[in-house]
Amino acid sequence: MTERNDFLRERFRQAPPPRPGHPTGPPPGRAPHPGPPTVRIPPVQAPPGSPVPAPGRWPYPAPQRPAAAPPRRPKPRPSHGWRRVVYAATFGLVNLGPSAVQRRRAELEAIVAAPLRGHYKVGVLGKGGVGKTTVAASIGSVFAELRRSDRVVAVDADTAFGRLGSRVDPRADGSYFELATNKNIQSFAELLTRVGSNSAGLYVLAGENGSRRHILDPAVYREATLRLDRHFTISVIDCGSTMDAPVTREALRDLDALVVVSSPWPDGASAAAQTMEWLATHGRMGLLQRTVLVLNDSDGHSDKQTRDILSRQFVSRGQAVVAVPFDPQLRPGGVINSTGEMAPATRQGFVEIAAVITHHFATRPDRGRDRR
């Protein structure tokens, strides 16, 4: 085997014989090629500390492929109006997407549904006849529908024969006094027997009126709401019509946001302005900054020009203002069972109010502990 290997090695070292008629030297005027280098090229060394590639693998990293573009999100489907008709008629082939009004509503609903920590209270103030209780029940229903993972309760703190219970659940017959004094009420299941509710998921604690054995006072109100705070994320307090009422003052001490309801007429706006001046002169500037004014058209007789003038006057003072149009579904004495029964523009107004309130909740640095 050794002689054969030597023979083959010598044979391959010999140059192949020239073909007939083919020149053996370099072309005229060109220097002969120096031939292969005599110095061996050193192998490429990997940088120190780099991982040793597995046998048979390329020692360099594979070239990176460009990242694939993220898939385009499908366009939301329209939920109302002629756009929805077109979408349904074409079996989804023509999707014009939601309108500007629908996109605005979705943005506001996302704000209302934003996560919150702790528990919060929003009060509702206004003189008689402006729809204060209607606004309180409607705001509470919006919160309850859009925050299904949280519990929302409306509390009647109007000692002058408040009617919040009858607007949310006429069957509600709970008692402030029983809730405040009965130490056996600990679990939420036990609490449910003392409150009512509507289809939106809003609970209600009916007020103490003259037909009951006990009259609501600040101490009973404070103890009852402390018990509610253990089970509810948001409490909507329907306050009395007068700022000097003892229970109203106690409620103001414990609020994270405030809604002042006014009629869309100069006399109602004047009463709302007096309410805000009272807050400023009684050391409630922090609460005043977290107040939203509601121009509520409770009878359908307001005009747009007067409403716009009043709105600009309050906005110039730094107040958030929301106008709620007239809605026959919210007639006095009727039960507010669901926001789906409201006119779209009316529901939009209450969702906007709830969004402003939620913004005030989120800006509280101490999550609702310091109520001033």
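A cavity, in the sense used here, is a set of grid points where a 1.4 Å probe fits but cannot get out, and its lining residues have an atom within 4 Å of such a point. The model is predicted.

**Exercise 1.** Determine which residues line the second largest cavity, and how they divide by character.

*Solution.* Begin with the search of the whole structure, which finds 2 cavities of 30 Å³ or more. The second largest holds about 40 Å³ of space, and its lining consists of Leu-179, Ile-185, Gln-186, Ser-187, Leu-191, Arg-227, Arg-230 and His-231. Sorting these residues gives 3 nonpolar, 3 polar and 2 charged.

**Exercise 2.** Describe the geometry of the aromatic pair formed by Tyr-120 and Phe-361, and locate its two members in the chain.

*Solution.* The count of aromatic pairs comes to 6. In the pair of Tyr-120 and Phe-361, the centres are 4.8 Å apart and the planes meet at 25°, an arrangement that counts as stacked. Tyr-120 belongs to strand E1 and Phe-361 to helix H13, so that the pair links parts of the chain 241 residues apart. Tyr-120 is buried, with a relative accessible area of 0%, and Phe-361 is likewise buried, at 0%. Together with Phe-143, these two residues form one aromatic cluster.

**Exercise 3.** Classify the pair of Phe-188 and Tyr-203 from its ring geometry, and state which charged end sits over the ring of Phe-188.

*Solution.* The ring centres of Phe-188 and Tyr-203 lie 5.7 Å apart with the planes at 85°, and because planes over 60 degrees apart count as edge-to-face, the pair takes that class. Phe-188 lies in helix H7 and Tyr-203 in strand E4, and both residues are buried. Finally, the charged end of Arg-151 sits over the ring of Phe-188, 3.7 Å from its centre.

Methods
Residues are numbered from 1 along each chain as its sequence is written. This is a predicted model: local features need pLDDT of at least 70, side-chain atom pairs count only at pLDDT 80 or more; totals for chains, interfaces and linings use all residues. Side-chain values use heavy atoms; hydrogens and water are left out. On a 1 Å grid over the protein atoms alone, a cavity is a set of points where a 1.4 Å probe fits but cannot get out, and a pocket is an open set with protein on both sides within 12 Å along at least five of seven lines; lining residues have an atom within 4 Å of a point. Grid points are joined across faces, edges and corners, and a volume is the space filled by probe spheres set on the points. Ala, Val, Leu, Ile, Met, Phe, Trp, Tyr, Cys and Pro count as nonpolar, Asp, Glu, Lys and Arg as charged, and the others, Gly among them, as polar. Rings of Phe, Tyr and Trp (its six-membered ring) pair if their centres lie within 6.5 Å; planes under 30 degrees apart count as stacked, over 60 as edge-to-face and the rest as tilted. Helices (H or I, at least four residues) and strands (E, at least two) are DSSP runs, numbered from the N terminus. Buried means under 20% relative accessible area, exposed over 50%, partly exposed in between (1.4 Å probe, protein chains only). A charge sits over a ring if NZ of Lys or CZ of Arg is within 6 Å of the ring centre and within 35 degrees of the ring normal.
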